[in-house]
Each structure stands twice: as C-alpha cells, then as structure tokens.
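Me: Please take a close look at one part of this model, the aromatic rings and the charged groups that sit over them, and walk me through what is found there.

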Amino acid sequence: MLGPPLTPRESAVLAAVERRLTNPEIASELFISVRTVESHIASLRRKLEAESRADLVSAARELRDASVRVPANPFRGRGRDVAELEAAVRAGDLLTLVGPGGVGKTRLALEFAKAQDARTPVIVEFEHATAGDVVNRISRVLGLEASPHEDLLASVGVALAAQPYLLVLDNADHVGPATRSMIARLRPLAPGLKVLVTSQTPLGGDDEHVHLVPPLAADGVDAPASALLRDRLSAHGHSPSAEDEPFVDHIATRLDGLPLALELAASAARHLPLAELSARLDRDFAMLDRATPEGRHRSLETAFEWTWHLLDDEERDVLQRLAALPRTFDIDLAVAVSHEGAERIVLRLLDRSLLVPAFGDGGRWRLLAVMREFVLARTDPQVVRDVLRRHAEMVTIVSEGFIARARTDASKEAMGLSVMLCPEVNAALRWSLAERDPVAVRLSALLAVGVEQYGSDADSVEALALGAHDDWLLEHATPSQLLVLGNALAFFDIEVVSRLAERALAAADPADLHELRAAHQLAGLAAAYGPDPAAALPHLDTAERLAIEHDSPWDAAAARQFRGVALRTIAVQEGRGSDVADAVEAFEGAMRAYARAGDETHVNNVRFMMALTAAESGYDSERAARWAAECVAYSESTANEHELAHGRLVQATLGLDESGELDELVASFRHLGDLRCVHRVLMLRANRAADARSRVAALREASAIATAAGDRARQIAAVEGLVLAHRDAGDDGAVLGALDTLADLAGRSAAVAACPPEQLGAFLGESARA
C-alpha cells in the first residue's frame, strides 16, 4: 500500500502534479488558492512518503498502475492474443477488442494494461454510460474538475498528452458512436496517446485495428477452457478428481469455451456433482445462473440481454432464423432460410460478435451454443419449423450436386466439403424423418454415399441406422436407395443390412433390370458378411452380369469386391487357407473395375481388404505389408481418416505397429462408427494381452461390439476366445457361462468342441440340468 487513502481534492492535485503542472497552474485549474495547493502537496508528501515533486509523480504512476485490478485467478489461453495486441499497439493508436458477451474482453484488456511498462494505464468503465457522459467519465478518472468556462475535452487532451498513456475504454457497446467521435477529437490533442477499447461491435474508425477475441480453445490435451474450469472449480472449493476429468472436458466443450459460461458452471458445481451438471447442460443451460454479483455478468441471460436490446427488428429476425439452423451456415444458406438481401444483416451480426467462425478458414459461421439457446427461447416455433424445412431443401440440392461426382473425386477439397456437408445432411435427415418429409429418402441415400466414399462418423452412421429402421422411409425407398444405405451400414449392423436386402428383393420389379441388379447386389453384400457367405455368390453373379450388360463398371466392381469377401470368409470357415487366393483374385478384379470407373477411394478400400485377408490368413505377409503401406500413403494424401485407419489396422495385424497403436485404432474406429473394425482391433488386443485378465476384458468388449453389430460369426469368435481365457484364469464358473453363451450362438455341438477336455464333464452336466 502507498499510504492512507487520499481525499478527492488530494487526488485531483496529485493528478495535476503527475501532468507536470506548476502550483499556480493547479490553483487556476481547480479554482483554489496557491496556498491551498501547497497545503495539499504537503499532505500528499506525508501520505505517500515522497521527498520531492518527482517522487510524487512516481507515486501517482504507481497508484494508477495499482488501480488496474485484475482477478486473482490464473489468466488462461490468451498468450497469442497478448502478443498480437502488443504488435497492434506498436503499429497504431486505436485498437478495439471485439467478441461475444462473456468471452473475456475486459479481462484481456486489463491484463494487457497491467503488463505495460512504457505506458501508464488509464481505465475508464462505460457500462452504464450515456453518450453525453463519455468525456465526463474520462475526466473523473484523470482527476480533472469541470469548469463552465473551459472545454472539458481539451482539458482531457492536455492531461493525456502529459506522458505516455494507454487509455482503456471498457464496454463501449452502448456508446459506440459517441466514443468514436470523442476519440477522433481527442487524438490530435494527445498525439502519442494509445487507446484500447472493448466492445462487441467495432467503433468503425478509419484507422481502427480490430482484434477478435475468440472463446478459449476447448479441444486437445490441456485445453485452456478445461484449465480455466478447473481453476474456477478449485476456487469454489470443488477441485475435480481424476474421475471428474471427463466431465470437466465435456462441460468445457459443451459451453464452447466461453469464459463467463465456465465461471457460471463452476458456481453451479458448488451444489451439484459434475456428472449431474454435465448431464443437465446437455439438455439446456438453465443451471448457468447465480445470486451474485448483480449486473450483466450474473447470468448468461443478463449478459446476452445486454446485446439483444441493441438489435433492430430485422437483425433479431435474421438472428432467430440462423439460431434455428441445426449446424453451421454460409451466406447462401443464411439467405435461403431468411430473405433476399439478408447478406447485409449477416455482416452486421458478425460485426456485433453474435456469430463466430465455424471453421478456421472462415466463410462459414455458427452461434455459440449458449447464445443459440438464448435466441431460440425468443423464437416462434413455427419460424423454427420453416427454417428446418428450408435447410433440408437447401442441403439436398447442394448435396446432390456434390454426390453426383463423389465416386470419381478423391481430392482433399472434396474431402473437406464432405466433412462440412456430412453433419448438415445428418441433421436434415433426422428432422425430415421426424416430420415424415419425403426429402428424407433422398437425404438418406446422399448421406450413405458420402459416408461410404469419404469416411464415416458415428453420428452420421447412427442417423442412417435410424432411417434403416424406419418403416415409413423403407416403404418409399427404391432397391437402389436401399443398396447405398446397406453399403454404408455394412460395417455397423449386418442384421439391418440383411433386412434391407429382403425388402429390396421383394420390391424389385423383374422388368426393371437396374433395380433388380441393385436388389441382388445388396442381397450378396448382406450374405457375404452373414452366417452363410456361400449364399452370396449366386446373388453377386447375377448382379455382376446385369452390371456388365448395362455397361456399369462401378457396380460390376462392387459385385466382385463382395465376392472376395464371401470367398475369404468361406476359406476361413472351412479351414481352406489355400482358397484365400480365390478371394484375392476376386479383389484384384474389383480393383481393376473400380479403376476403370475412376473411383480411387474404392480401389484403395479393396486394396485394404486384400491386405487384411493376406495378413490374417498368413497368405502372403510381404505383399500384405506392401499393400498396407500403399493404403496408408494414399489415405494420407487424400486426408481420408477411415481408409487411413484401415491401412494401420493391417500394419497392426502384421505386428508393424508402435506401442499404443491398438488403443488409438479402437478410438478411431469408434469415432468412425466402424464396429466391425473395432472388433478386429479388440481381438488383436486380446491376442497380445500380457495376462488372462486383460485378455478377458478385451474379449468381453469384442463380444459386446459384435452383438451390437449383429455379426454372429464375430460374436462366436469372441466367445470362443473367452472360453480359453477364463480357463487360463482358472475361473471354472466363467468357463461354463461362456460355453452356455456359445451353445446359444452356435449350437451345443460347437460348444462341446470348444470345451476344454478337463471341463467337458462339468459342461455336459450343467447342460443336462439346464
């Protein structure tokens, strides 16, 4: 502390001394006598322990620095912002921090001001200011006293010209035009002055440098948003445990890394377990409120109301329509769901920091989740329904143009467009299914081709499965549409693919050879992955013949690819390893046909199947390794995550993986919704487990995955492994339980064949009693 508190008059005299005014000049400015000035200076020297006027100037600076009060909690994730602010202040005189309400503009400005060495900070709060109060607020902070005979702004200019200052004008949203006008008049009076403004909207000056303050990053290891939430939880007496960490990360992501929302969540966590708070935030944001402090930061509601009232009716209408969109949007989509000429409104909403970039390269935006809920609460449900209908129509039109060339476009640009479009089609499909809108059938087929061609994600695969279980959609789908749906779900749920095949065969018109071919191709696909792969061969022969007759090399390639799958499974089931060569030959024929059709992605997918077949059967490990390397190289060049995981799966099967690769592959395939490959990796993990307990855990998980995928053959393989793993662990009861499960899946004779000899009698006895 720099001595006892100062009186208002002493503060005004000290401010004048700081500006290097003489005693007569101070007396004239404050309308007091020179003797009174001298008395105040003497008092200041005692209180501030200053021996000279220079000491008083230094003390004034220290007091001003100390007046910059920043919170005691750690300042997270803003290192890059601070560096950019330093460069911007060096380059120009006016800098405006813009960003959504609650994003931390004030904290960033205060931290930046506090760290200044060469400039003395002057902090002026404008939260409740009026246009006519702007200059008065600055003058009061500077310790100036208004005179009816002097221009107050001129006095402010003289004061700010006395030494290098950083003038921080906080929360200028409601007084933007007045602030802009004041700065324009002030800067010629104080040429060296640097001004830092915080506002949700740029001031609009010609030489204004605008710095967008984004929410804190919420993804990746040691994400700043999660770190901030941990800090605030600890400050509220609830330091998260190791078990809480997943909920901390989920809450930080759910709240888009918005600092105010994270602070409010930490406050709510004083009363709720993090698991419950996380679940409630998934439903809505009603928990984000607190009793204190009063003002616009008490809750998200009060913070956003501050901005809502600044909007005109047209801006509110467009914002409500954008909030009704399920995902992200570009200018074209914004116009499609609102009205012609809405482009200018979108730009104004961007200027007001109500929209944030959806991707790093710009051109596509979204509302923060918390802002979206706030706006939707003020939106007519009929408006929401109209927006979702227009969204589904627009997404269908855009996607049809994209999917028309998908089979022959494996570029990174196409992959990027797929990554953007897939969630949009997914959301539109879910809405149209719920509304029984006819566009649902087209959307399901479009999403299926996108998933198959460019890689899947669990959310989109689940949306397709939702459609595949919907009788209304299936009644309106053609065999060709059922085929693409089955293709996309073959690695997720083979039972539902079999039901799709039954529908396609029943619905196919024998006179329509195109649809007949699709029905047989789907039936062959389902059987190839089913319990009777030999049944696939006649269907695939018919499909290939019809494809060749109609000059469709892509469909002929697909028939050959699934013939390879069927032949591979038959060879494994019947123990005829030498017949794997027939499967490889079928795969090679498929590769050639896909190449003729120009589909490089499916060429690579068949290469993966050849590599995996050769690796798992021991047919040719050297060729398998070469094919796998080619898969990885292709997938990296096209940024195809699914095909990349496939290539690495083969390398892991061959033992070429690095430590930890299996865990990464399980996570990747789960994210992709590829349950069949999750099962494969878990079986690898079981085979390499260091002890019986670890092997049992992996096999149980593999059995559960196979059950979820409707893949009986893989479920049987996992349960057979469990029999042996339980035996090695010495758990006789678990052995008998696994044998009972195996008997249910594959029959009693198969269970007897898998039963360890020393436990055969016990199993037979248990079976007899059952």
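Reply: A good place to begin in this predicted model is F374, since the charged end of R378 sits over the ring of F374, at 3.7 Å from its centre. The ring of F374 also takes part in ring-to-ring contacts, for ring pairs join F304, W308 and F374 into a cluster, and the structure as a whole holds 6 aromatic pairs. One of these is formed by W308 and F374, whose centres are 5.9 Å apart and whose planes stand at 80° to each other, an edge-to-face arrangement. This pair links distant parts of the chain, with W308 in helix α14 (residues 300–308) and F374 in helix α18 (residues 369–376), 66 residues apart. Both W308 and F374 are buried.

Another pair is made by W554 and Y594, which counts as edge-to-face because the ring planes meet at 65°, with 5.6 Å between the centres; the cut-off for that class is an angle over 60 degrees. Since W554 belongs to helix α28 (residues 553–573) and Y594 to helix α29 (residues 580–597), the pair ties together parts that lie 40 residues apart in sequence. W554 is buried, as is Y594.

A charged residue placed over an aromatic ring is found at Y529 too, where R676 lies over the face of the ring at 3.7 Å from the ring centre.

Methods:
Residues are numbered from 1 along each chain as its sequence is written. This is a predicted model: local features need pLDDT of at least 70, side-chain atom pairs count only at pLDDT 80 or more; totals for chains, interfaces and linings use all residues. Side-chain values use heavy atoms; hydrogens and water are left out. Rings of Phe, Tyr and Trp (its six-membered ring) pair if their centres lie within 6.5 Å; planes under 30 degrees apart count as stacked, over 60 as edge-to-face and the rest as tilted. Helices (H or I, at least four residues) and strands (E, at least two) are DSSP runs, numbered from the N terminus. Buried means under 20% relative accessible area, exposed over 50%, partly exposed in between (1.4 Å probe, protein chains only). A charge sits over a ring if NZ of Lys or CZ of Arg is within 6 Å of the ring centre and within 35 degrees of the ring normal.
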